Amino acid sequence: MKVRYSPLEQQFADVDDVFDELKALVRSTDFTLGTVVGEFEEMFAAAVGSKYAIGVGSGTDALKIPLKALGIGPGDEVITAANTFYATAGAIAETGARIVFVDCDDTFGIDPDLIEAAITPRTKAIMPVHLTGDMANMTRITGIAEKHGLKVVEDACQSLLAKEAGRPAGTWGIAGGFSMHPLKIINVWGDAGVIVTDDPEMDRMCRLLRNHGLRNRDEMEILGYNTRLDSVQAVVGKWIVAKVGDIVAARIRNAARYDAGFADVPEITLPVRRAVKGESERSVYLNYVVFAERRDELLSHCQANGIDAKVHYPIALYKQDALRHLGYEDGAFPVTDRHAETIISFPADQHLTAEQIDYLIGVVREFYGR
Ligand SMILES: *Cc1c(COP(=O)(O)O)cnc(C)c1O
């Protein structure tokens, strides 16, 4: 049996209604910031439960633009998790601010106990990352931010519809950024990102910044960027955001099936999940990640058996050549390092079948002789 990583082929197998709307879009020639972008933004804001949603070109820009809107730039510092995807660091670096990493804990979120030691007079913001679909500890992080007068911009790229204490990812800070890249919870046909906020001034600034800083056709209020959500992608976005509730429900069901299958395998340890079962806490399982003994051997064993397992991420960001200039010593983030050596990711998406999950569980059990 094959267990592929990406569900895109199945997700977009039957898209005649998208093609119909695309045809109408082409005939209308409403290609930039047209009606459909506004329609998509309204649907996205409603799905997340935010006042405003602003469509941009990528998830990376959905992080960079709110930081720019806050006036963050050279000389400032932004604290983020050491165990994140490249783009979190890239977005901070693009503003000119310094990236300050803080280690994670076994929830995969930034460790709230370590944040205060990383705050300096230059710190302007914290960018927590809701990694793998589970929430960073937002109750504590927003408390620390408030105490020190810092802004919080959430990297919610992996965690659309996750929630803590009944409050969704992206709505805890002044703004949150989401991605609709093909590997995220909902996907378009290329790159796209969305910023959410409840703050009218943040909304206004993000709209200016995504479109050359233009107040109107003839007046440029500030220097900005060209990072509008493409109208073509907004058509696809409308189609898929309407399905996000079902997508997330299927992912949660799949994770529960894995949990049961691994419950009596001592070589597999589940992460500490902040989102316990219940209506007010929710992990959306972008992927199903566990700690595994003899991880590299297990990874090869899975791959040899047709299972496209992965590691997110095998090399900690602070050890990447691109970020050596930050000056972190090897071993500076021991939990992140341990994760890089012991975690393995399996798919949890909505198109995975129960048979595929059971097969995968069987292959892992066999590997450990269970
Ligand atoms: C994917 C991702 C991003 C960036 O999104 P893009 O749409 O690829 O630019 C940022 N942060 C995290 C944690 C991500 O997983």
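1. Aspartate 203 is buried, with a relative accessible area of 9%, in what is a predicted model. Its salt-bridge partner is arginine 207, and the closest N and O atoms of this pair are 3.0 Å apart. Arginine 207, by contrast with a buried residue, counts as partly exposed, its relative accessible area being 27%. Both residues belong to helix α8 (residues 200-210), where a spacing of four residues separates them by about one helical turn.

2. A second pair within one helix is found in α4 (residues 59-69), which holds both aspartate 61 and lysine 64, three residues apart, or about one turn of the helix. These two residues form a salt bridge in which the closest N and O atoms lie 3.5 Å apart. Aspartate 61 is classed as buried because its relative accessibility is 14%, under the 20% that sets the limit for this class. Lysine 64 is likewise buried, with a relative accessible area of 4%.

3. Arginine 294 and glutamate 297 make a further salt bridge, with 3.0 Å between the closest N and O atoms. Here arginine 294 is partly exposed at a relative accessible area of 44%, and glutamate 297, at 44% relative accessibility, also counts as partly exposed. Beyond such pairs, salt bridges with shared partners link Glu201, Arg204, Arg215, Glu219 and Glu221 into one network.

4. As to the overall tally, the model contains 27 salt bridges when a side-chain nitrogen of Lys or Arg must lie within 4 Å of a carboxyl oxygen of Asp or Glu. The pairs of aspartate 61 with lysine 64 at 3.5 Å and of arginine 207 with aspartate 203 at 3.0 Å are among those described above.

5. Turning to helix packing, helix α3 (residues 35-48) and helix α9 (residues 231-241) pack at an angle of about 35°, and their axes are 9 Å apart. The crossing in which α3 passes α9 is left-handed.

6. Which residues of α3 meet α9? On the α3 side they are Val36, Val37, Glu39, Phe40, Met43, Phe44 and Ala47, while α9 contributes Ser231, Ala234, Val235, Gly237, Lys238 and Val241 to the contact. By character, the residues of this contact between α3 and α9 comprise nine nonpolar, two polar and two charged.

Conventions:
Residues numbered from 1 in each chain as written. Predicted model: local features only at pLDDT ≥ 70, side-chain atom pairs only at ≥ 80, totals over all residues. Heavy atoms only, no water. Helix = DSSP H or I, 4+ residues; strand = E, 2+ residues; numbered from the N terminus. Buried < 20%, exposed > 50% of the residue type's maximum accessible area, 1.4 Å probe, protein only. Axes fitted to C-alpha atoms, helices over the stretch in contact; angles between N-to-C directions. Left-handed = near helix turned anticlockwise from the far one by under 90°. Contact = heavy atoms within 4.5 Å. Nonpolar A, V, L, I, M, F, W, Y, C, P; charged D, E, K, R; others polar.
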